Every structure is written in structure tokens, then in C-alpha cells.
Amino acid sequence: RFFGPAPSDAAVAAFDEAAARLSATIVGDIPDVNIPATRNGAGIDMSFCGVNGVNVNEVIDDVLIYARIAPNDGPGKILASATVCVIRNQSRLASIGVIKFDSDDIDALISTNRLSSVVLHEMLHVVGIGTIWTDTRRPGGVLLTGGGTDNPRYTGSFGVSACGLAGGTGACGGGVTPLERLDHVLGDRAGEVGRGPLREPDEHLVRPRLHHAGRDRGDQGRQ
């Protein structure tokens, strides 16, 4: 759902492609978040997460992601960022997130057919990749060991199993999957939630934390 300046048709197509790929990949379902019920009809003023003039007051099926394309820091620097804004209390999975893209980089990403990959990269942060791995309140505990070191490992059982099936049996021994060290994802406080009291049974606001994609670093979705 876009906010701010209207994106070009080509940009919209890239966002739609990324969203379709994500929907096809994540086939499970999670409970809806009924914001009118949990907020007594008041909704959530999204200005705390950088979406000014927007009040969310609807039932959210899975996740709602706001997207903005606007000037940021000029071409060739930070391409995009992702922020988790509202999470579910029990699963710790996001119900609302925001992804922002630098308009100075959009045309180059479109012309090289890479915008969809960058969008997917940021959407994955919103749904939890790298952002909830260190949340101690997540059911089942943390999903990361070695964060902040040169030897980070993902411990989720499905990921470890898939690593083995893909031929990485040796690398995935001991119930862990090796990760490339990326400071923007594996920081010691990535995905940390806000410190305020929980006011609703189904969701609460979190302190926004940015996860950047920029050309000066080497992971997918960056130049």
C-alpha cells in the first residue's frame, strides 16, 4: 500500500511482482489482527512509524506493508529500508510494516530489472527475516546464535532441514545453518521491541528500527 508521491507504473509492477512471490513462498496462515476491536474503534495513528496522515482501523489479514518512494540520501547510497511497526503479542510476527526507497535509485533499479529483488529483500525483513531472530519472547526462543561475530548461525529447524536437503549437510551439521555476516540484519539489537506496556491482547506497537539496503554492502538487493 503506497503512501507519499505516486510511483510509476514500472515501480508498481515491481512491487506487485515481489508481493506475489512472497505470497507464493509463504503458504501458511496466521491469525488476523482486528484493530477496530483491540483499539475500541480508534485505530492506530501510523505517524509514529513515519506514515503521516494515516490511521489504520481495519482487520489485517496476515501483514500490511506501507511503501514509499521519495528522496533520501542521493544516488548510490542507501537504496531502501524496512521498519517493523506493529507486531502480534504471541507469535511476535509483524502485522504492519513500512518499506521506503530512495527515488534517486529507482530508475537505475528498474532499468537493470533489480527493483523487484530489492523490494522482496525489504518485505522479507518486515515478515521476520533477520528482525525477530533475537526476540527472546518469540515462541520457541531465539533463532540466531553467534550474532555480532564472524560466525553467525540460524537455528530454525525448518531452515536447517532445508539446508541439508539442498546439499549442505556438512555445513548444516549440529542443527544450525551458516549465515553471511550482515551488520544491518545481525546487529545485537535487531528486531528489538518497544519497552512500553502491552495495552492490547492481539498486537502492540514497537519502537521503529531501520534495516537498510545500500550499494556499499554486498547482500542481495544491493548494488
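The following legends describe four close-up views of a predicted model.

**View 1. Asparagine 34 and its surroundings.** Asparagine 34 belongs to strand S1, which spans residues 33-34, and with a relative accessible area of 31% the residue is partly exposed. Apart from neighbours within four places in sequence, asparagine 34 is in contact with Glu58 and Val59. The C-alpha atoms of asparagine 34 and isoleucine 60 are 6.4 Å from one another, although these two residues are 26 residues apart along the chain. The side chain of asparagine 34 also reaches the backbone nitrogen of alanine 37, at a distance of 3.1 Å.

**View 2. The salt bridge between arginine 1 and glutamate 58.** This pair forms one of the two salt bridges that the structure holds, and the N to O distance between the two side chains is 3.0 Å. Arginine 1 lies in the segment before helix H1 (9-25), whereas glutamate 58 sits in the loop between strand S3 (55-56) and strand S4 (59-60), so the salt bridge ties together parts that are 57 residues apart in sequence. Both partners are partly exposed, arginine 1 at 47% relative accessibility and glutamate 58 at 27%. Glutamate 58 also appears in View 1, where Glu58 is in contact with asparagine 34.

**View 3. The salt bridge between aspartate 135 and arginine 92.** The closest N and O atoms of aspartate 135 and arginine 92 are 2.9 Å apart, and the two residues form a salt bridge. The pair links distant parts of the chain, with aspartate 135 in the loop between helix H4 (115-127) and strand S8 (144-145) and arginine 92 in the loop between strand S6 (78-88) and strand S7 (94-102), 43 residues apart. Aspartate 135 is buried, with a relative accessible area of 7%, and arginine 92 likewise counts as buried, at 2% relative accessibility.

**View 4. Arginine 138, a buried charged residue without a salt bridge.** Arginine 138 is placed in the loop between H4 and S8, the loop that also holds aspartate 135. Although arginine 138 is buried, it has no salt bridge; the nearest side chain of opposite charge is that of aspartate 135, 7.5 Å away, and a salt bridge would require the nitrogen and carboxyl oxygen to be within 4 Å. A polar atom of the arginine 138 side chain does, however, lie 2.8 Å from the backbone oxygen of glycine 141. Leaving aside neighbours within four places in sequence, arginine 138 is in contact with Ser91, Arg92, Ile132 and Leu143, and among these Arg92 is the salt-bridge partner of aspartate 135 shown in View 3.

Key: Residues are numbered from 1 along each chain as its sequence is written. This is a predicted model: local features need pLDDT of at least 70, side-chain atom pairs count only at pLDDT 80 or more; totals for chains, interfaces and linings use all residues. Side-chain values use heavy atoms; hydrogens and water are left out. Helices (H or I, at least four residues) and strands (E, at least two) are DSSP runs, numbered from the N terminus. Buried means under 20% relative accessible area, exposed over 50%, partly exposed in between (1.4 Å probe, protein chains only). Contact means heavy atoms within 4.5 Å. A polar contact is a pair of N or O atoms within 3.5 Å; within protein, one must be able to donate a hydrogen and the other to accept it, and residues adjacent in sequence count only if both atoms are side-chain atoms. Lys and Arg count as positive and Asp and Glu as negative; His and the chain ends are not counted.
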